[in-house]
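The following exercises treat a single protein chain, and each is followed by a worked solution. Please examine the sequence and the structure before reading on.

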Amino acid sequence: LARTKAALHAAAGRAPLVIFHDPSDDVVPHADSVDLARGSSIDLRSVDAGGHRLLDLLERGELTETIHGLLS
């Protein structure tokens with residue numbers, strides 16, 4: 001896990017990295033994403049998006065908007 005965290009932090013230094021996480025996720029603890037993003041340039045977005053699958057995020061178009069914003 002430490003190697004993965006270091007690799008993600010390094011990647012975030014080279015390109016924008018956004019993590020969407022719903023605090024109500026019952027599969028992956030939200031605290032894990034908070035810990036992962038801490039001390040890095042990773043953009044953690046805590047969103048109310050329907051749990052682990054983040055389906056509401058897709059339905060609202062927020063994921064598409066974020067991707068477009070990163071590319072422009």
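**Exercise 1: Salt bridges**

Arg45 and Asp43 pair through their side chains in a salt bridge, with N and O 2.9 Å apart. The term denotes a side-chain nitrogen of Lys or Arg within 4 Å of a carboxyl oxygen of Asp or Glu. The model is predicted: local features need pLDDT of at least 70, side-chain atom pairs count only at pLDDT 80 or more, and totals for chains, interfaces and linings use all residues. Residues are numbered from 1 along each chain as its sequence is written, and side-chain values use heavy atoms, with hydrogens and water left out.

Task: State how many salt bridges the whole structure holds, and which parts the pair Lys5 and Asp35 ties together.

Solution.
1. A search of the whole structure yields 4 salt bridges.
2. In the bridge between Lys5 and Asp35, the closest N and O atoms are 3.5 Å apart. Because Lys5 belongs to helix H1 and Asp35 to helix H2, this pair ties together parts that are 30 residues apart in sequence. Helices are DSSP runs of H or I with at least four residues, strands are runs of E with at least two, and both are numbered from the N terminus.
3. Lys5, Asp35 and Arg38 are linked in a network of salt bridges.
4. Glu62 also forms a salt bridge with Arg60, and their closest N and O atoms are 3.0 Å apart.
5. For accessibility, buried means under 20% relative accessible area, exposed over 50%, and partly exposed in between (1.4 Å probe, protein chains only). Lys5 is partly exposed at 26%, and Asp35 is partly exposed at 35%. Glu62, at 23%, is partly exposed, as is Arg60 at 43%.

**Exercise 2: The buried side of helix H2**

Task: Determine which residues of helix H2 are buried, and what covers them.

Solution.
1. Helix H2 comprises residues 30-37, and His30, Ser33, Leu36 and Ala37 are buried there.
2. These residues lie on the same side of H2, because they cover an arc of only 120° around the axis. The arc is that of the directions from the helix axis to the C-beta atoms.
3. The cover over the buried residues of H2 includes H1, S1 and S2.
4. Ser33 has a relative accessibility of 8% and therefore counts as buried. Leaving out residues up to four places away in sequence, Ser33 touches Ile19, His21 and Leu44, where contact means heavy atoms within 4.5 Å.
5. After H2 comes Gly39, with a positive phi near 75°.

**Exercise 3: Leu54 and the nonpolar core**

Task: Describe where Leu54 lies, and whether Leu54 is buried or exposed.

Solution.
1. Leu54 is found in the loop between strand S2 (43-46) and helix H3 (55-60).
2. The phi of Leu54 is positive, near 55°, although the residue is not glycine. Most residues other than glycine have a negative phi.
3. Leu54 has a relative accessible area of 16% and is therefore buried.
4. Leu54 belongs to the largest nonpolar core, which has 6 residues: Val18, Phe20, Val47, Ala49, Leu54 and Leu57. Such a core is a set of buried Ala, Val, Leu, Ile, Met, Phe, Trp, Tyr and Cys residues joined through side-chain atoms within 4.5 Å.
5. Apart from this core lies another, of 5 residues, among them Ala12, Ile19, Ala37 and Ile42.
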